[in-house]
Amino acid sequence: MVRSSILADFPACAARHGIAPLELLKAAGLPARCLTQPELLVRAGRVHRLLELAAARSAAPDFGLQMSRSRRLVGLGLVGALMRDEPTVREALRRFIATAHLNSSAIWLQLREEAGWALLQLHLDSDGQPVIRQATELALGGLVSVLRQLLPATWHPQEVHFAHGPAQPAAQAARFFGCSVRFDAEVDAILLRSQDLDHRVPLADGGLTRYAGLAALASLARQEAVTVNRVKQRILLQMMDGPCSATDVAASLGVDRRTLHRRLAREDSSFLAVYDTVRLELAKRHLRAGWLSMAQVAQTLNIDSPSAFSRWFKRHTGETPSRWRDQHRAAPGTR
């Protein structure tokens, strides 16, 4: 699910291209009130579909990027308020990563720093949609727009990476981001310098009393929201660093293993079921993209060998990985 505030700029962007926003909303299965009720929760997959329809109808392959130009902290609601009160950009980003689920259960972020560089990596749940180019570009473009509010006016990322192929000239995307843009990359991410994260947040107002209240609310939401989506997020993030276990995931959510299993059971699920769901989604994404060998896909999923991966994949889908890949391989520029 995602807050409908993400569509605040959709009507204006649609109008610039001469397309009717309400007609597209209906085609995507979204209610018209999502344009006037920013707190309304809607399915992420329907938002993904809406943006792809808008790009196709408007013949604007950068529709998502165009929408991201006006992303502001205020549009993030409570999360934006929490970010504004953090002392540095690093802490603001960490706050955003920790509380992003309050705006959307479909977006997961990870910040890594090494040797003077910082990589802000994005994972966007497709929610069953075959193509999520526009939503991905809206998300990364929106992150850069928000960072520009927190950093000096001359700031720009060092690089921006997209896992999908280019649908518009790379120079067009580079002009928007002010840096080199790599398509067909392994991940969706923003590369910046670690020293950028040391900057003081210019919007911080020192309202400690209000900040404490907001922080307590966010903390409560994190503690209570041990849901399937939160567990999926933690599994994905931990898989990026290697094998993960129910104990590790529970600890990252601030609960013990028994509590994790109990809360998943409330949703008629289990850790193993969620773990396999995450691995299957990643497997299909890698197979559809086609840039990793079977051995590399197996390694990414923490499966011992290509043959073990093939048996596991066939057990869950009824098809071998190679046959599934041949039937679903993304066309150039769409993955």
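I will start with one pair of residues: Ala118 has its bridge partner in β7, and that partner is Leu192. Bear in mind throughout that this is a predicted model.

The strands behind that pair are β4, residues 117–124, and β7, residues 188–193. They run antiparallel to each other, and six bridges join them.

Now the sheet around them. Five strands make up an open sheet, and reading across it the order is β3-β4-β7-β5-β6. The pairing in this sheet is mixed. At the edges sit β3, which covers 107–114, and β6, which covers 180–182; each of these has a pairing partner on one side only. Going from one strand to the next, the twist averages 15°.

Next, empty space. As background, rolling a probe the size of a water molecule over the atoms shows where empty space is left. How many cavities of 30 Å³ or more does a search of the whole structure find? The search returns one. The volume of the largest cavity is about 30 Å³.

Its lining consists of His101, Ser104, Ser105, Ile107, Trp108, Asn229, Arg230 and Gln233. Two elements, β3 and α10, each give two or more residues to that lining, with α10 spanning 228–239. Which element gives the most? That is α10, with three residues. So far as β3 is concerned, recall that this is one of the edge strands of the sheet. Sorted by class, the lining of the largest cavity holds two nonpolar residues, five polar ones and one charged one.

Last, the cysteines. For background, a disulfide is a covalent bond between the sulfur atoms of two cysteines. The count of disulfides here is zero. Take Cys13: it is in no disulfide, and the nearest cysteine sulfur belongs to Cys34, 15 Å away. The cut-off for a disulfide is a pair of cysteine sulfur atoms within 2.5 Å, so a pair at that distance does not count.

Is Cys13 buried or exposed? Cys13 is buried, because its relative accessible area is 0% and the limit for buried is under 20%.

Cys34 gives the matching entry: it is in no disulfide either, and the nearest cysteine sulfur to it is that of Cys13, 15 Å away. Cys34 has a relative accessible area of 2%, so it counts as buried.

To recap, we have an open five-stranded sheet with mixed pairing, one cavity of 30 Å³ or more, and zero disulfides.

Note on methods
Residues numbered from 1 in each chain as written. Predicted model: local features only at pLDDT ≥ 70, side-chain atom pairs only at ≥ 80, totals over all residues. Heavy atoms only, no water. Pairing = 2+ DSSP bridges. Helix = DSSP H or I, 4+ residues; strand = E, 2+ residues; numbered from the N terminus. Axes fitted to C-alpha atoms, helices over the stretch in contact; angles between N-to-C directions. 1 Å grid on protein atoms, 1.4 Å probe; cavity = no way out; pocket = protein on both sides within 12 Å on 5 of 7 lines; lining within 4 Å. Points joined across faces, edges and corners; volume = space filled by probe spheres on them. Nonpolar A, V, L, I, M, F, W, Y, C, P; charged D, E, K, R; others polar. Buried < 20%, exposed > 50% of the residue type's maximum accessible area, 1.4 Å probe, protein only.
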